[in-house]
Each structure stands twice: as C-alpha cells, then as structure tokens.
Amino acid sequence: MSVAAAPGNLAGIEESATLGMTARAAALAREGRSIVSLSAGEPDFSTPEYIREAGIRAIRDGHTHYPPAAGLTSLREAIAGHVMETEGGACATAEVLVSAGAKQVLFEALFILFGPGDRVLIPAPFWVSYPAMVRLARAEPVVLETRAEDGWKVSAAGLDEAARAGARGLILNSPSNPTGATYDGNELDALVEVAARHGLWIVSDEIYREIRYRPDYASLAARRSDYERIVVVDGFSKAYAMTGWRVGYAIAPIEVIESMTTLQGHVNTNTALPCQYAALAALADREARDRAVGEMVAAFAARREFLLGALDSIPGIEPLPPEGAFYLWIDAHEWCEALGGDSTALCFDLLEQEGVALVPGAAFGVEGHLRLSFAAADPVLQDAAARLAAAGRRLLGGA
Ligand SMILES: Cc1ncc(COP(=O)(O)O)c(C=O)c1O
C-alpha cells in the first residue's frame with residue numbers, strides 16, 4: 001500500500017533548496033573537515049536572560065494549559081502598543097493575532113486571502129517560503145523581477161505594470177531576506193497608491209523590522225489608516241533571538257484576523273502559552289528590551305562593517321551594503337563564470353574547496369548571487385573572509 005501524500009495537496013511544493021547544501025556541510029564536518037557555516041537564518045545570540053526567566057516563571061506559575069486561539073489578550077495588547085509606539089499609526093487589540101512564528105501567520109494570511117485563480121506578486125529575490133505558501137493556498141505565485149540598479153526593490157511603475165496583467169496580492173519584505181533592502185516612507189506611499197488603484201492586498205513581512213541600519217525605515221503598519229488591505233507580519237524570532245520559542249504575529253483588519261483565528265483554531269490552537277508569556281515580558285520591560293535589542297543590533301552593525309570592508313578587497317565579488325536584517329547579498333557572477341557553473345554549483349564548490357557554507361542566489365529566485373548570514377561570532381566571520389579571499393585567488397587565478 002502506498003504511503004504517499006494525498007495527490008495534489010503538495011503539488012508543486014519542493015523541499016527547501018538549501019537542504020542538500022546543509023546536509024553536505026554536516027557530512028564534511030562529520031568527516032573532520034573544518035567548516036564555516038554562514039547559511040543560517042537565525043541570530044547566534046542566546047535569548048536575553050530576562051525573557052528566558054519569564055518563560056521559566058510562566059511554567060512555574062502554571063501557565064501550561066491551552067492558550068486562547070487568537071493569543072493572550074495581554075500579549076496582543078502589548079504588541080499593538082509596541083507597534084504604535086515604534087511605527088506610529090493606530091492598532092486595536094482585536095486587530096492583532098498571535099501565532100507560532102511569522103511563518104505561520106504568513107501562511108494563514110495567504111491561505112485565507114487568496115485561492116484558485118488568484119495571482120500573487122512576489123518580488124525577487126524573495127524569501128524561500130513565499131511561493132510554496134501561495135501554492136498551498138491554490139493560488140499562483142507570480143515572480144516580479146527587480147533590478148540591482150533599483151536596490152532590488154519593486155518600484156511603483158513596476159508594480160503597476162505587473163498588476164495590469166492581473167493580480168490580487170503583493171508580498172513585500174522589508175528589510176529583505178536575502179538583500180537587506182528596506183523601503184522608505186515615500187517608496188511605500190507610492191506602492192500603496194498603486195495597490196489601492198488595483199485593489200491589491202499587501203502582505204508585508206516585517207520580521208527584520210527592528211534590525212536596521214538606516215534611520216528612514218518605514219512600516220506599512222503606519223499606513224493602515226490610508227489603505228485597508230494591508231496585513232503586517234512580524235514576530236520575536238529575529239530581533240529578540242527567539243527563533244525556537246515560535247512566537248509571531250499579524251496585524252490586519254478585524255475580519256481578516258477573525259478568519260485567520262478560525263483557521264489556526266482548527267490547526268494548532270496557538271503557540272505554547274509559556275512562550276507567549278516570554279514574548280509578553282520581552283516587550284513589557286522596556287528598559288531591558290531596549291538594552292538587549294540595542295546590543296544585538298549594534299553587534300550586527302559592527303559585523304556588517306567588518307565584512308563589507310573585508311570583502312571589498314576580494315576580486316570578483318561585490319556585496320550589497322544591507323540596510324537591515326543580517327545578510328549580505330553578494331554579486332558573484334564573475335566567480336560563477338570562472339567556475340563555469342551557476343550559484344548552486346558555486347556554493348558546493350566553495351563548500352568542498354574552502355569549507356565555507358553559503359546559500360545560492362537560486363534559492364531566492366535570482367542567479368549569480370550568494371547569501372551570507374552574518375549571524376555568527378567575529379572570529380567565525382574573520383575566518384570566513386579569509387576563506388573567501390582564498391576562493392577568489394583560486395577561481396580568478398591569483399588576480
Ligand atoms: C523573511 C522571513 N520571513 C519569515 C521568517 C520566519 O520567521 P519565524 O521564525 O517568526 O517563523 C523568516 C525566517 O527565516 C524570514 O527570513
């Protein structure tokens with residue numbers, strides 16, 4: 001008897017493109033090879049002590065039962081307050097849904113907003129899970145090309161042209177994984193204006209919102225009073241180093257939140273209650289929060305500076321200075337050409353020859369590039385920079 005999944009339910013959904021690389025890196029490490037891995041999408045910092053303590057306290061206090069399907073009311077309130085304080089705009093508690101990570105709210109939002117026949121625009125390079133999530137909703141992911149000259153951002157004119165060909169939604173990600181590109185207020189206003197003209201839903205993934213290196217960042221949370229069809233997604237994984245706690249949230253019109261709550265009520269009820277108490281503490285103690293997040297963002301900023309300097313002198317690659325998040329998006333066309341392969345072949349080559357693990361641009365829908373995560377300690381980054389310099393000498397013949 002076959003044990004395969006129901007036909008159709010996973011049609012067109014593939015395993016993560018990076019799994020093969022990760023498996024090979026692990027195999028080489030087991031063989032005793034020294035491997036420097038800069039492929040992870042999670043902070044290397046421990047969750048701040050005051051948050052961990054709050055999680056432990058929640059368990060001791062007996063908060064170990066089913067959570068409310070939409071999340072703890074006190075946490076929803078705290079999230080609404082935090083977003084209004086940091087980004088402006090208005091947000092009611094009932095417009096907030098808590099869930100098991102940004103990933104789950106993204107899936108739920110896409111699943112309830114879109115369905116068969118709907119085209120959803122996804123600017124490339126894109127975070128790996130967006131096309132799969134849109135397909136799971138039986139809708140059609142439509143890749144929207146962006147250009148290096150535009151900082152890998154979608155322009156109002158580009159969105160207008162794509163929307164004219166037919167679309168119901170747009171996924172924005174600012175700051176972006178993998179490029180670190182962020183949108184300022186004028187750029188967002190122009191996109192909202194086009195979206196409103198075409199009646200597009202905008203699902204705005206702002207999971208890296210609090211890790212940014214430019215002062216004029218703007219959030220769609222502040223534009224919800226101008227245009228209703230906006231869903232803002234954020235969470236605690238990145239800025240609070242809480243990837244394993246699984247707490248994320250969406251901010252959206254009440255009817256959307258209600259539908260998402262119905263969906264998650266049938267799927268997982270919600271994320272674990274002690275984790276919700278830990279997230280509540282993460283926001284509630286403002287002084288501890290500002291210190292902890294501030295220290296981590298300062299460390300990311302210093303690493304960013306170091307790497308931009310170190311990679312600048314390596315021939316054949318060009319990193320884009322990221323405006324947010326903790327990734328370097330590196331133009332590696334010359335290395336691909338020298339190798340005679342695509343970005344995936346280049347990544348395997350760098351892994352085998354120099355023992356450095358990166359993610360190929362192909363995983364994000366754009367060839368000829370590499371993504372390097374600088375969520376790693378300084379000595380690891382120094383080691384990685386030296387290995388990449390060696391790769392440059394090897395591939396370009398000592399140029
Ligand atoms: C762009 C982007 N969105 C969403 C997520 C998922 O975050 P979470 O851990 O909150 O599910 C990630 C994680 O890598 C991400 O990079």
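**Exercise 1.** Determine whether Glu87 counts as buried or exposed in this predicted model.

*Solution.* Begin with the computed relative accessibility of Glu87, which is 14%. Next, recall the cut-off: a residue is buried under 20% relative accessible area. Glu87 therefore counts as buried.

**Exercise 2.** Locate Glu87 in the secondary structure and identify the side chain with which its own side chain makes a polar contact.

*Solution.* First, place the residue: Glu87 belongs to helix 3, which covers residues 73-87. Then examine its side chain, which makes a polar contact with the side chain of Arg209 at 2.7 Å. Finally, list the contacts of Glu87, setting aside neighbours within four places in sequence: Arg209, Arg212, Tyr217, Ser219 and Ala222. Arg209 thus appears both in this list and as the polar partner.

**Exercise 3.** Assess how the radius of gyration of the protein agrees with that of a compact globule.

*Solution.* Take the chain length, 399 residues, for which a compact globule would have a radius of gyration near 21 Å. The protein has 21 Å, so the value agrees with the expectation. The C-alpha trace spans about 60 × 60 × 55 Å along its principal axes. As for burial, 54% of the 399 residues count as buried.

**Exercise 4.** Describe the secondary structure, the sequence separation of contacts and the exposed surface of the protein.

*Solution.* Count the elements: there are 13 helices and 13 strands. Then consider contacts between residues at least 6 apart in sequence; 75% of these join residues at least 24 apart. Lastly, turn to the surface: about 16500 Å² is exposed, with carbon and sulfur atoms supplying 52% of it.

How values were computed. Residues numbered from 1 in each chain as written. Predicted model: local features only at pLDDT ≥ 70, side-chain atom pairs only at ≥ 80, totals over all residues. Heavy atoms only, no water. Helix = DSSP H or I, 4+ residues; strand = E, 2+ residues; numbered from the N terminus. Rg over C-alpha atoms; globule rule 2.2 N^0.38 Å. Buried < 20%, exposed > 50% of the residue type's maximum accessible area, 1.4 Å probe, protein only. Contact = heavy atoms within 4.5 Å. Areas by Shrake-Rupley, 256 points an atom, 1.4 Å probe, with all protein chains shown as cover. Polar contact = N/O pair within 3.5 Å; in protein donor to acceptor, adjacent residues only side chain to side chain.
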